[in-house]
Amino acid sequence: MFEDSLVDSGGRLKTNSKYWMWGTAAFNAAVVVVMVIIPLIHPEALPATSMTAMLTAPPPPPPPPPPPPPAQVVKQIPHVSEIDEGLHAPTKIPKKIEMIKEDSAPPPAVGGVVGMAGMAGGTAGGVLGGIMGGVGTAAPVVKAAPVKPTGPAHISGGVIAGTIIEKTTPLYPPIAKAAHVSGAVVLHAIIGKNGTIQNLQVISGPEMLRASALDAVQHWRYKPYLLNGDPTEVDTTITVNFNFGGS
């Protein structure tokens, strides 16, 4: 027993391992052939994702960047002035230099402008002579007539007070004195060209004093007010003061 297990038996032990090896190899080959042939016969049995992954081509690489634009070449145009074009160095020195004599300028015209008196060829009755009256004669100056006012001239009461020639003193009403009423009555007046009162109206003042002021001022007379040398109507105000010592 120990001889068979530890020491070579010398050919006494025989096994069938060679046949099992060939049988196993044939079985494995058959399995591999079946696994290869079945997908070829029935391709729908394969997973769709696997087929898609196998058949999908990879994305194309990105296009290369465009080349940079070529640099613009600025052409410099040489500037040639007219002086440079007209001046050229002589190729040879001439033996004889001819003197060119230019004709003298024509004399200035002395005929003058038609119509300018005092010049040769001009007549006093010409176009310019008729309009300007000849050289040295100024055009007549026409003075515009003064514009006459269309209405009364507005003059302040202080200015028109200095032109009074007749003045009636207003009476202080007794009832106003008894009531101790005093003050100033302001009147609006239109003075005619002859200096008399044409229109008179009360602007302000105590009621008890207004009638007395109107009666007195109605008879006042002024010097005619002259505007551009002509007498004119005057639009002004007249103030009548009432106090206990007199008007």
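## Surface, helix patch and strand pairing

The accessible surface of the protein comes to about 20600 Å², and carbon and sulfur atoms account for 65% of that area. The model described here is a predicted one. Among the 247 residues of the protein, 15% count as buried, and the secondary structure comes to eight helices and eight strands. Where contacts join residues with a separation of 6 or more, 61% of them are between residues 24 or more positions apart.

One part of the surface can be described by its residues. Val32, Val33, Val36, Ile37, Leu40 and Ile41 make a nonpolar surface patch of about 570 Å². One of these residues, Val32, has its place in helix α2, which covers residues 17–41. Is Val32 buried, exposed or partly exposed? Val32 counts as partly exposed because its relative accessibility is 49%, a value that lies between the 20% limit for buried residues and the 50% limit for exposed ones.

Turning to the strands, β8 (residues 234–242) pairs with strand β1 and does so in the parallel sense, whereas the pairing of β8 with strand β3 is antiparallel. The table sets out the two pairings.

| Strand | Partner | Sense | Bridges |
|---|---|---|---|
| β1 (residues 153–154) | β8 (residues 234–242) | parallel | two bridges |
| β3 (residues 183–191) | β8 | antiparallel | nine bridges |

Individual residues can also be followed across to β8: His154 stands opposite Asp235 in that strand, while Ala184 has Asn241 of β8 as its bridge partner. In a regular strand, the side chains alternate between the two faces of the sheet.

Technical notes: Residues are numbered from 1 along each chain as its sequence is written. This is a predicted model: local features need pLDDT of at least 70, side-chain atom pairs count only at pLDDT 80 or more; totals for chains, interfaces and linings use all residues. Side-chain values use heavy atoms; hydrogens and water are left out. Helices (H or I, at least four residues) and strands (E, at least two) are DSSP runs, numbered from the N terminus. Buried means under 20% relative accessible area, exposed over 50%, partly exposed in between (1.4 Å probe, protein chains only). Contact means heavy atoms within 4.5 Å. Accessible areas come from the Shrake-Rupley method with a 1.4 Å probe; for residues, only the protein chains shown count as cover. Patches are made of residues with over 30% relative accessible area and no salt bridge: like charges are joined within 9 Å, nonpolar side chains (Val, Leu, Ile, Met, Phe, Trp, Tyr) within 5 Å. A salt bridge is a side-chain nitrogen of Lys or Arg within 4 Å of a carboxyl oxygen of Asp or Glu. Two strands pair if DSSP finds at least two bridges between them.
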